[in-house]
Amino acid sequence: MAEREERQAMNEALFREMNERTSEQAEAMGAASPVEVYCECASLDCIDRLTLTSDEYRLARSDPAQFVVSVGHEVLDVEEIVVATDRFEIVRKREAAGAVATLLQP
């Protein structure tokens, strides 16, 4: 895997972990839907915030190779769109990128 791709994977994993902590804190406080998370795309400059229901967020987390991204932030070279809405997309990493995503899951 190229250095750029490794850096992007680390960025995605960092935002996924931040979102996991936010979701866990909201659950611990008894907060119901919606869940506000950061876009988990590969862009090092992206700071988009996304609003999902608890069920949508759980669906995204049901596979360690999946990430929640802003519409249009997918990288089709290494991922496929699993769910597309007008608010967000859930993408799944393929091949080596999927293996790295699984390895880096929180």
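**Notebook: a three-stranded sheet, its helix and the core**

I started with the sheet, which is open and has three strands in the order β3-β5-β4, paired antiparallel. The model I am reading is a predicted one. I looked up the edges next: β3 (66-69) and β4 (79-84) are the edge strands, each pairing on one side only. I then noted the twist, and on average neighbouring strands of this sheet are turned by 30 degrees against each other, direction ignored.

I went on to the pairing of β3 with β5. Strand β5 covers residues 89-93 and runs antiparallel to β3, with four bridges joining the two. In this pair I found F67 opposite V91 of β5.

What packs on the sheet? I found helix α2, residues 54-61, which touches β3, β4 and β5. The direction of α2 makes about 135 degrees with that of β3.

I then checked which residues of α2 are buried, and listed S54, E56, Y57 and A60. Seen down the axis of α2, these buried residues fall within an arc of 160 degrees, so they line one face of the helix. I set a general point beside this: an α-helix has 3.6 residues a turn, so residues three or four places apart point the same way.

I picked out E56 from helix α2 for a separate entry. Is E56 buried or exposed? I noted a relative accessibility of 18% for E56; the cut-off for buried is under 20%, so E56 counts as buried. A polar atom of the E56 side chain lies 2.7 Å from the backbone nitrogen of T53. Leaving aside neighbours within four places in sequence, I found E56 in contact with R87, F88 and I90.

My last entries concern the largest nonpolar core, which has 15 residues. Those touching the most other members are V37, C39, L50, L52, V68 and F88. I looked up where the core residues come from: β1 (35-38), β2 (49-52), α2, β3 and β5 are the elements that give two or more residues. Which element gives the largest share? I found that β3 does, with three residues. As a general note, nonpolar side chains in soluble globular proteins tend to be buried together.

I followed V37 a little further. Apart from neighbours within four places in sequence, V37 is in contact with N19, D48, R49, L50, L52 and Y57. Of these contacts, L50 and L52 are also among the core residues that touch the most other members, while Y57 is one of the buried residues of α2.

Notes: Residues numbered from 1 in each chain as written. Predicted model: local features only at pLDDT ≥ 70, side-chain atom pairs only at ≥ 80, totals over all residues. Heavy atoms only, no water. Pairing = 2+ DSSP bridges. Axes fitted to C-alpha atoms, helices over the stretch in contact; angles between N-to-C directions. Contact = heavy atoms within 4.5 Å. Buried < 20%, exposed > 50% of the residue type's maximum accessible area, 1.4 Å probe, protein only. Polar contact = N/O pair within 3.5 Å; in protein donor to acceptor, adjacent residues only side chain to side chain. Arc of directions from axis to C-beta. Core = buried A, V, L, I, M, F, W, Y, C linked by side-chain atoms within 4.5 Å.
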